[in-house]
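Good morning, colleagues. Please take a moment to look over the sequence and the model, and then I shall walk through the fold, the salt bridges and the nonpolar core.

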Amino acid sequence: MSLVTEEIKSKSEVFHGDQICQQICKDFLVEFALPNGLLPLKDITEVGRHRETGFVWVKQKKSITHRFEKIGKVTSYATEVTARVVKGRIKKMTGVKTKELFIWITLSDVYIDDPPTGKITFQTPAGLSRTFPVSAFEVDEKPSGVKQV
């Protein structure tokens, strides 16, 4: 069952289409002082944001698995990812799991140290956590209008 109800949608900013949704995702990660590569989603169909509560959601056509090469971690993103976002922190996240050894573990919170130390921590609903360099989740952006040859 989706956490995104029609009532929430009616009070939120909602965007459709992969290209605009990709940009919106990156923009709100940067706005909230989070690494721009934290949500490496594909074929996004909808992004929404309820500004008053900080509730955000991203819907994609199918779930994906992504490997963060710099730390060697595999993460799974469901077709719907939801969370409450505040500066430097993602709380009550749903739809994201990471693989530890042979077990998929649900992630619920992500936060950047304040004051900044260059570290980002991922926490499970049970309170277990792992800390990594923020740089492992940052993506170099190509300047717009420049074609790769």
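I begin with one residue, E31, which is partly exposed at 44% relative accessibility; buried means under 20% relative accessible area, exposed means over 50%, and partly exposed lies in between, with a 1.4 Å probe and protein chains only. Before I say what E31 is doing, two remarks on the source are in order. The model is predicted, so local features need a pLDDT of at least 70 and side-chain atom pairs count only at pLDDT 80 or more, while totals for chains, interfaces and linings use all residues. Residues are numbered from 1 along each chain as its sequence is written, and side-chain values use heavy atoms, with hydrogens and water left out.

Now to the overall architecture. The protein has 2 helices and 10 strands; these are DSSP runs numbered from the N terminus, helices being H or I of at least four residues and strands E of at least two. Read from the N terminus, the order of elements is α-β-α-β-β-β-β-β-β-β-β-β.

As to dimensions, the C-alpha trace spans about 45 × 40 × 35 Å along its principal axes. A compact globule of 149 residues would have a radius of gyration near 15 Å, and the protein agrees with its 15 Å; this radius is taken over C-alpha atoms, and the globule rule is 2.2 Å times the number of residues to the power 0.38. Buried residues account for 40% of the 149. The protein exposes about 9,200 Å², of which carbon and sulfur atoms supply 54%; accessible areas come from the Shrake-Rupley method with a 1.4 Å probe, and for residues only the protein chains shown count as cover. Of the contacts between residues at least 6 apart in sequence, 41% join residues at least 24 apart, where contact means heavy atoms within 4.5 Å.

I return to E31 and the charged side chains. How many salt bridges are there by this rule: a side-chain nitrogen of Lys or Arg within 4 Å of a carboxyl oxygen of Asp or Glu? The count comes to 11.

E31 meets R49 in one of them, at 2.8 Å from N to O. This pair links distant parts of the chain, with R49 in strand β2 and E31 in helix α2 (residues 18-31), 18 residues apart. R49 is buried at 12% relative accessible area, whereas E31 is partly exposed.

A second salt bridge joins R51 to E13, whose closest N and O atoms are 2.8 Å apart. R51 lies in the loop between β2 (44-50) and β3 (55-60) and E13 in strand β1 (residues 13-16), so the pair ties together parts that are 38 residues apart in sequence. Here R51 is exposed at 54% relative accessibility, and E13 is partly exposed at 29%.

A third salt bridge is between K59 and E80, with 3.8 Å between the closest N and O atoms. K59 sits in strand β3 and E80 in strand β5 (residues 73-86), 21 residues apart. E80 is buried at 17% relative accessibility. Both residues belong to a salt-bridge network that also includes K9 and E46.

Let us move to the interior. Which residues touch the most other members of the largest nonpolar core? They are L38 and I120, in a core of 32 residues; such a core is a set of buried Ala, Val, Leu, Ile, Met, Phe, Trp, Tyr and Cys residues joined through side-chain atoms within 4.5 Å. Helix α2 gives the largest share, 5 residues.

Leaving aside residues up to four places away in sequence, I120 touches a set that includes P35, L38, V110, F132 and F137. F132 and F137 also join F68 and F122 in a cluster linked by ring pairs. The structure holds 5 aromatic pairs: rings of Phe, Tyr and Trp (its six-membered ring) pair if their centres lie within 6.5 Å, and planes under 30 degrees apart count as stacked, over 60 as edge-to-face and the rest as tilted.

I close with two contrasting positions. V81, in strand β5, is buried at 6% relative accessibility. With the same sequence neighbours left out, V81 touches V56, W57, V58, T94, G95 and V96. K11, by contrast, lies in the loop between α1 (6-10) and β1 and is exposed at 54%.
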